[in-house]
Amino acid sequence: MGWQTELKEIYRELEEDLSKLAPECKARGLCCHFEDFGHVLFASSLEADYLRRKAGPPKVPIKKEVCPYLVDNLCTAREHRTLGCRVFFCQKDWLSTSQDLYETYYRRIKQLARKYPLEWRYAPLVELLREGDIEERANPSEKPYSTCHSEGAKSA
Ligand code: SF4
């Protein structure tokens with residue numbers, strides 16, 4: 001089983017846990033407008049690679065204000081979205097559950113990076129998306145994106 005299959009399984013188990021808890025999401029896309037919402041979505045390099053490989057590179061310029069996979073206020077990468085996307089809900093009493101789930105699954109994803117082993121970096125998702133995937137980082141001349149970087153902050 002490769003790392004991508006294992007990550008998919010980790011996400012599947014997380015979705016199973018979430019379906020039992022059933023937090024409410026009205027799919028308004030507010031939390032994907034990072035700047036307006038006042039937060040930054042952090043992710044691991046492993047997850048950013050997975051997202052780019054499965055959903056394809058973003059089709060719009062990558063900016064720190066909004067996720068490039070958000071189109072018409074809908075996530076175009078829903079099946080492959082990161083841990084931070086999956087556990088974040090606006091529901092008022094959700095924060096501590098969200099943090100517990102995040103820590104549990106974050107540890108599992110980090111173990112996956114150690115197992116294969118894969119590069120591990122934890123940074124704002126938009127920064128990781130700008131850097132391209134593992135192969136592109138090894139061969140920067142093929143990098144298709146802008147190389148400018150934004151400052152980081154705390155994640156959802
Ligand atoms: S990947 Fe999807 S859910 Fe996650 S921030 Fe981007 S648009 Fe939102």
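**Exercise 1. Determine whether Ala22 is buried or exposed in this predicted model, and describe its backbone and its place in the chain.**

Solution. Begin with the neighbour count: 9 other C-beta atoms lie within 10 Å of Ala22. A residue is classed as exposed at 12 or fewer such atoms, so Ala22 is exposed. Next, consider the backbone: Ala22 has a positive phi of about 50°, although it is not a glycine. Finally, locate the residue: Ala22 belongs to the loop between α1 and α2 (34-37), and its place there is just after α1.

**Exercise 2. Which span should α1 have at 1.5 Å a residue, and how far apart are its end C-alpha atoms?**

Solution. The helix α1 has 19 residues. The expected span is 1.5 Å times one less than the number of residues, and for α1 this gives 27 Å. In the model the end C-alpha atoms of α1 are 27 Å apart, which agrees with the expectation.

**Exercise 3. Carry out the analysis of Exercise 1 for Asp72.**

Solution. Asp72 has 6 C-beta neighbours inside 10 Å and therefore counts as exposed. Its phi is positive, at about 50°, although Asp72 is not a glycine. The residue is situated in the loop between β2 (70-71) and β3 (74-75).

**Exercise 4. Establish whether Thr82 is buried or exposed, and which residues it contacts beyond four places in sequence.**

Solution. Place the residue first: Thr82 is in the loop between β3 and α4. Then count: 24 other C-beta atoms lie within 10 Å of Thr82. Burial requires 20 or more, so Thr82 is buried. Its contacts, with neighbours within four places set aside, are Ala43, Glu47, Leu51 and Leu125. For the pair Thr82 and Ala43, the C-alpha atoms are separated by 6.8 Å, while the residues are 39 apart along the chain. Viewed from the other partner, Ala43 is in contact with Ala48, Thr82, Gly84, Leu125 and Leu128, under the same exclusion of sequence neighbours.

**Exercise 5. Identify the residues with the most contacts inside the largest nonpolar core, and the elements that give two or more residues to this core.**

Solution. The largest nonpolar core has 26 residues, and those with the most contacts inside it are Leu41, Ala43, Ala48, Leu125 and Leu129. Two or more residues come from each of α1 (3-21), β1 (42-44), α3 (45-55), α4 (83-87), α5 (95-115) and α6 (125-131). Of these elements, α3 is mostly covered, with eight of its eleven residues buried. The buried residues of α3 include Ala48, Glu47 and Leu51. Just after α3, Gly56 takes a positive phi of about 90°.

**Exercise 6. Which residues surround the ligand, and how do they divide by character?**

Solution. The surrounding residues are Cys32, Leu41, Cys67, Tyr69, Leu70, Cys75, Ala77, Arg81 and Cys85. Classifying this shell gives eight nonpolar residues, no polar residue and one charged residue.

**Exercise 7. Describe the overall organisation of the chain and assess the confidence of the model.**

Solution. The chain has seven helices and four strands, in the order α-α-β-α-β-β-α-α-β-α-α. Of its 156 residues, 27% are buried. Among contacts with a separation of 6 or more, 76% join residues 24 or more positions apart. Turning to confidence, the mean pLDDT is 87, and 85% of the residues reach 70 or more. Over residues 140-156, however, the pLDDT is below 50, and this stretch has 30 contacts in the model beyond near neighbours in sequence. Where pLDDT is low, predicted coordinates should not be read in detail.

Technical notes: Residues are numbered from 1 along each chain as its sequence is written. This is a predicted model: local features need pLDDT of at least 70, side-chain atom pairs count only at pLDDT 80 or more; totals for chains, interfaces and linings use all residues. A nonpolar core is a set of buried Ala, Val, Leu, Ile, Met, Phe, Trp, Tyr and Cys residues joined through C-beta atoms within 7 Å. Two residues are in contact if their C-beta atoms, placed from the backbone, lie within 7 Å. A residue is near a molecule or strand if its C-beta atom, placed from the backbone, lies within 6 Å of it. Ala, Val, Leu, Ile, Met, Phe, Trp, Tyr, Cys and Pro count as nonpolar, Asp, Glu, Lys and Arg as charged, and the others, Gly among them, as polar. pLDDT is the predictor's confidence in each residue, from 0 to 100.
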